[in-house]
Amino acid sequence: MIRFGSLTLTSNLFLSPLAGYTNLPFRLTVREIGGLDLATTDLVNARSLLEKRTKALRLIQTCPDDQPLAVQLFGSRPEEMRDAALYLESIGTASVDINMGCPVRKVCQVAAARP
């Protein structure tokens, strides 16, 4: 067993975020294979999540068979990152992964990779 904050995991196998792939159907397929415990979503823009944009909500879509789930956030404004993380906590997200340096264009365009 692995403790990750208040989260207790029964496996040391995690699904990392894979841009364009780690949507709900993919995560469920990998979970069906077995052994996986914590899965992480694709990159989610904090501002888009706070504005409840369709794409952001689709990226965090989950179900009981997709637990525990971590959501990977990116953004350039600390207050938006905080508010998005608090929102995710309020809806039962097990963990928030803060992206801190991804070279993907959509991240760099909003200066999320800069301090």
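Ser-95 lies in strand E6, and it makes a convenient place to enter this predicted model. With a relative accessible area of 11%, Ser-95 is buried, falling under the 20% limit used for that class. Leaving aside neighbours within four places in sequence, Ser-95 is in contact with Phe-4, Leu-69, Ala-70 and Val-71. One of these, Ala-70, also stands opposite Ser-95 as seen from strand E5. The pairing that brings them together joins E5 and E6 (residues 95-98) in the parallel sense over four bridges. Between these two strands the chain passes through helix H4, and the resulting β-α-β crossover is right-handed.

It helps to step back to the whole chain at this point. The secondary structure comes to five helices and six strands, and read along the sequence these follow the pattern β-β-β-α-β-α-α-β-α-β-α. Of the 115 residues of the protein chain, 37% count as buried. The chain exposes about 7000 Å², with carbon and sulfur atoms supplying 55% of that area. Among contacts with a separation of 6 or more, 63% are between residues 24 or more positions apart.

Strand E5 deserves a closer look. Six of the six residues of E5 are buried, so this strand is largely enclosed by the rest of the structure. In a regular strand the side chains alternate between the two faces of the sheet. Both faces of E5 are covered, with Leu-69, Val-71 and Leu-73 buried on one side and Ala-70, Gln-72 and Phe-74 buried on the other. Besides its pairing with E6, E5 is joined by five bridges to strand E4 (residues 36-45), and E4 and E5 run parallel. Within this pairing, the bridge partner of Leu-43 is Gln-72 of E5.

Strand E4 itself is mostly covered, as nine of its ten residues are buried. Three bridges join E4 to strand E3, again with a parallel run, and here Phe-14 stands opposite Leu-38 of E4. The chain crosses from E3 through helix H1 to E4, and this β-α-β crossover is right-handed.

On the way from E3 to H1 comes Thr-22, which lies in the loop between strand E3 (13-15) and helix H1 (24-33). Although placed in a loop, Thr-22 is buried, with a relative accessible area of 1%. Its side chain reaches the backbone nitrogen of Asp-42 at 3.0 Å. Not counting residues up to four places away in sequence, Thr-22 touches Leu-15, Ser-16, Pro-17, Arg-27, Thr-40, Thr-41 and Asp-42.

The nonpolar interior can be described next. In soluble globular proteins, nonpolar side chains tend to be buried together. The largest nonpolar core in this model has eleven residues: Val-44, Ala-46, Leu-49, Ala-56, Leu-59, Ile-60, Val-71, Leu-73, Met-81, Ala-84 and Leu-88. The elements that give two or more residues to this core are helix H2 (46-50), helix H3 (54-59), strand E5 (69-74) and helix H4 (78-90). Of these, H4 gives the most, with three residues. Val-71 and Leu-73, both members of the core, belong to one and the same side of E5. Another member, Leu-49, touches Val-44, Ala-56, Leu-57, Ile-60, Leu-73, Ala-84, Tyr-87 and Leu-88, not counting residues up to four places away in sequence.

Helix H4 also holds Arg-82. At 47% relative accessibility, Arg-82 counts as partly exposed. Arg-82 and the core residue Ala-46 are 36 residues apart in sequence and 8.7 Å apart in space, C-alpha to C-alpha.

Notes. Residues numbered from 1 in each chain as written. Predicted model: local features only at pLDDT ≥ 70, side-chain atom pairs only at ≥ 80, totals over all residues. Heavy atoms only, no water. Core = buried A, V, L, I, M, F, W, Y, C linked by side-chain atoms within 4.5 Å. Buried < 20%, exposed > 50% of the residue type's maximum accessible area, 1.4 Å probe, protein only. Contact = heavy atoms within 4.5 Å. Polar contact = N/O pair within 3.5 Å; in protein donor to acceptor, adjacent residues only side chain to side chain. Areas by Shrake-Rupley, 256 points an atom, 1.4 Å probe, with all protein chains shown as cover. Pairing = 2+ DSSP bridges. Right-handed = clockwise from strand over helix to strand, strands pointing away.
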